[in-house]
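Visitor: Could you walk me through this structure, and explain how the labels on it are earned?

Guide: Gladly! Let's look at it together.

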Amino acid sequence: MNEQIANIEKAISAFHIGSSEDAEQFRLTFLSRKGQIPALFEAFKLLPGDEKRLYGKTINALKQKAENIYKEGVKSANQKQQQSVDYTRAVKDLPFGSRHPLSVIRDEIIDIFARIGFDVSYGPEIEDDWHNFSALNFPEEHPARDMQDTFFVEKDPDFALRTHTSSVQVRVMENTAPPIRTISPGRVYRNEAISARSHCFFHQIEGLYIDKDVSFADLKQTILYFAEQFFGKSKIRMRPSYFPFTEPSAEVDVYWGLNNEVDYRLTKGTGWLEIMGCGMVDPAVLQASNIDPEVYSGFAFGMGVERIALNRYQIPDIRMLSENDMRFLKQF
Ligand code: DAH
């Protein structure tokens, strides 16, 4: 035992720790579970009682000494390393991330409506028939419910991937007493052939305003405000249209102008660009969500985010927006 202790003592004292690698080597040799000091304690355990008394103090002191040398060694190795760092060296360029064009547009639109009191609401992408269709006044035989348009959940055909964010309107109306002003952005799904201009999933932004005495004039003024803020255009027109959940319904075009070749292409030579659908919320829709149509009225609108992105950034193919090709995304 005496000899074993002396050998370890000698080895510890002779060990020079000059770097963190040395410190680690020291720890492995002497202190780690398979190191020499734990081995010494194993041997100590086998000694008869009176010898234990003899050696106990010595080997505890040896262990203490090894631990101190190790701690000091780590400290000085760290200090040495820090001194060798050149703090004046130029920083290496790191690649910056950038926001996805769809997120950029979504957030701009949310900001514009936030300034006139709209909040933001979300709903599930797997939606039941009630919120996606029935509560929005879709008749039983409406073609949008068809297998051609809608991805149904195989195990339970009462559920489908939502075909529009109008479903969120219903959820908000069910859970909030008017006045309601909300913007609902999100991804929607349609069983359509994929091409440069259409995809089986895309993003919409829905708007809903419910209060006493909301009129078509309010709708028109709100959309005009949006067109001015978002597109920088101050002329819009509304064309009569049809949606099951609004009456009357309209399609909104913004006057884009015909100042260059791109404008001609974008507006097919008309100068007008279609930007959204909208209308006065159908009384049957209010009723379905337990809002009294005799007391309250409201308007709603919905627009596609991809379409805006394709136009704004002159992106030739909608698929580029979901492929996540870094060469494409880096440009934004
Ligand atoms: N939900 C419609 C669609 O998917 C868009 C839309 C049109 C939403 C008119 C509305 C609205 O709220 O009033 O194409």
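Visitor: Why is arginine 239 called partly exposed?

Guide: Its relative accessible area is 31%. Buried means under 20%, exposed means over 50%, and partly exposed is what lies in between, using a 1.4 Å probe and the protein chains only. Because 31% sits between those two limits, arginine 239 is partly exposed. A word of background: this is a predicted model, where local features need a pLDDT of at least 70 and side-chain atom pairs count only at pLDDT 80 or more, while totals for chains, interfaces and linings use all residues. Residues are numbered from 1 along each chain as its sequence is written, and side-chain values use heavy atoms, leaving out hydrogens and water.

Visitor: What makes the pair arginine 239 and glutamate 274 a salt bridge?

Guide: A salt bridge is a side-chain nitrogen of Lys or Arg within 4 Å of a carboxyl oxygen of Asp or Glu. Here the N to O distance is 3.5 Å, so the pair meets the rule. Arginine 239 is in strand 6 (residues 236–243) and glutamate 274 in strand 8 (residues 272–281), and the pair links these distant parts of the chain, 35 residues apart. Helices and strands here are DSSP runs numbered from the N terminus: H or I with at least four residues for a helix, E with at least two for a strand. Salt bridges that share partners also join Arg237, Arg239, Asp253, Glu274 and Arg307 into one network.

Visitor: How many salt bridges does the rule give?

Guide: The count is 15. One of them joins lysine 65 to glutamate 9, with the closest N and O atoms 2.9 Å apart. Lysine 65 lies in helix 4 (residues 49–83) and glutamate 9 in helix 1 (residues 2–14), so this pair ties together parts that are 56 residues apart in sequence. Lysine 65 has 33% relative accessibility and counts as partly exposed; glutamate 9, at 31%, is partly exposed as well.

Visitor: What makes arginine 99 and aspartate 107 a salt bridge?

Guide: Their closest N and O atoms are 2.6 Å apart, and that is within the limit, so the label fits. Arginine 99 is partly exposed at 47%, and aspartate 107 is partly exposed at 26%.

Visitor: Are cysteine 200 and cysteine 278 buried or exposed?

Guide: Cysteine 200 has a relative accessible area of 18% and cysteine 278 has 3%. Both values fall under the limit for buried, so both residues are called buried.

Visitor: How many disulfides are there?

Guide: The count is zero. A disulfide is a covalent bond between the sulfur atoms of two cysteines. The test used here asks for a pair of cysteine sulfur atoms within 2.5 Å.

Visitor: Which residues come nearest to the ligand?

Guide: There are 15 residues around the ligand, and His164, Ser166, Arg190, Glu206 and Ala300 come nearest. To count as near, a residue needs a heavy atom within 4 Å.

Visitor: What makes the approach of histidine 164 to the ligand a polar contact?

Guide: A polar contact is a pair of N or O atoms within 3.5 Å; within protein, one must be able to donate a hydrogen and the other to accept it, and residues adjacent in sequence count only if both atoms are side-chain atoms. A polar side-chain atom of histidine 164 lies 3.0 Å from a nitrogen atom of the ligand, so it qualifies. Serine 166 has a polar side-chain atom 2.9 Å from a ligand nitrogen, and arginine 190 has one 2.8 Å from a ligand oxygen. The protein covers 89% of the 350 Å² of accessible area that the ligand has on its own, with areas from the Shrake-Rupley method and a 1.4 Å probe, where for residues only the protein chains shown count as cover.

Visitor: Why is glutamine 83 called exposed?

Guide: Glutamine 83, found in helix 4, has a relative accessible area of 66%. That value is over the limit for exposed, so the name fits.

Visitor: What is special about the phi of asparagine 137?

Guide: Most residues other than glycine have a negative phi. Asparagine 137 is not a glycine, yet its phi is positive, about 70°. Asparagine 137 sits in the loop between helix 6 (129–132) and strand 3 (159–161).
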